[in-house]
Amino acid sequence: MSVKTLSTKPASAKISAPETAPPPLTNNQIYSLIDRLCNKLWAAGVTNPISYVEQISYLFFLKLLDEMEIENEREAKLSRKPFKPIFSGEKEKFRWSEFSQITNTNTLFKFVRDDVFEFMRTLRGREEIRKLFDDAQLQIPDGHTLRDCIDLFREVDLSEIDTD
């Protein structure tokens, strides 16, 4: 868990700068992230390489789907073109950016396992996602391990990965 430092400057002295996206991940950073995720899952008892690669793939997919949805929403707003979001209204809670904020590890674990995966399995009009999650099961053994894996993604912007 990271510790945030508090600024000693008064609020009036703060300079507001536009938020910038982190720089694109290098191949070595991606390999390092995957290696840390594999080690985390291995230590938690997910020792079959096929299983932990599958679990990491689900996490990558859920985060990337949210990032892509955010970008599509932004583009639709700027261009004023119609866009039918996956996550709207009561479905917002199924976004990575929403459920990754759940602090109670048991609640997080149950929500992802029971609700997020089920939501993905039942998406209407999104057959490619439904097929991916049709037989998907969260095999990450507990909420603490899931929280640790989610936290490893915290500073990663998957939509900015250099595809070369």
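Phe99 is tucked away in this predicted model: its relative accessible area is just 2%, so it counts as buried. Its ring partner Trp96 is buried too, with a relative accessible area of 6%. The two belong to a chain built from six helices and zero strands, and aromatic pairs like theirs are a good way into it.

**The Trp96–Phe99 pair**
- Trp96 and Phe99 have ring centres 5.6 Å apart and planes at 65°, and since an angle over 60 degrees counts as edge-to-face, that is what this pair is.
- Both residues sit in helix 3 (residues 96-99), and because they are three residues apart there, about one helical turn separates them.

**The chain as a whole**
- Reading from the N terminus, you meet α-α-α-α-α-α.
- The chain has 164 residues, and 32% of them count as buried.
- Take the contacts between residues at least 6 apart in sequence: 67% of these join residues at least 24 apart.
- About 11,300 Å² of the chain is exposed, with carbon and sulfur atoms supplying 52% of that area.

**More aromatic rings**
- How many aromatic pairs does the structure hold? The count comes to 11.
- One of them joins Phe60 and Phe153, which meet edge-to-face with 5.0 Å from centre to centre and 80° between the planes.
- Phe60 belongs to helix 2 (residues 49-79), while Phe153 lies in the segment after helix 6 (143-152), so this pair ties together parts of the chain that are 93 residues apart in sequence.
- Are these two rings buried or exposed? Phe60 has 18% relative accessibility, and because the cut-off for buried is under 20%, it makes the list. Phe153, at 0%, counts as buried as well.
- Elsewhere, Tyr58, Phe61, Phe117 and Phe133 come together as one aromatic cluster.

**Gln55, a buried polar residue**
- Gln55 is found in helix 2, and its relative accessibility is 1%, so it counts as buried.
- What does the side chain of Gln55 reach? It gets to the backbone oxygen of Gln137, at 3.1 Å.
- Setting aside neighbours within four places in sequence, Gln55 is in contact with Leu41 on the one hand, and with Gln137, Leu138, Gln139 and Ile140 on the other.

Definitions and conventions
Residues are numbered from 1 along each chain as its sequence is written. This is a predicted model: local features need pLDDT of at least 70, side-chain atom pairs count only at pLDDT 80 or more; totals for chains, interfaces and linings use all residues. Side-chain values use heavy atoms; hydrogens and water are left out. Helices (H or I, at least four residues) and strands (E, at least two) are DSSP runs, numbered from the N terminus. Buried means under 20% relative accessible area, exposed over 50%, partly exposed in between (1.4 Å probe, protein chains only). Contact means heavy atoms within 4.5 Å. Accessible areas come from the Shrake-Rupley method with a 1.4 Å probe; for residues, only the protein chains shown count as cover. Rings of Phe, Tyr and Trp (its six-membered ring) pair if their centres lie within 6.5 Å; planes under 30 degrees apart count as stacked, over 60 as edge-to-face and the rest as tilted. A polar contact is a pair of N or O atoms within 3.5 Å; within protein, one must be able to donate a hydrogen and the other to accept it, and residues adjacent in sequence count only if both atoms are side-chain atoms.
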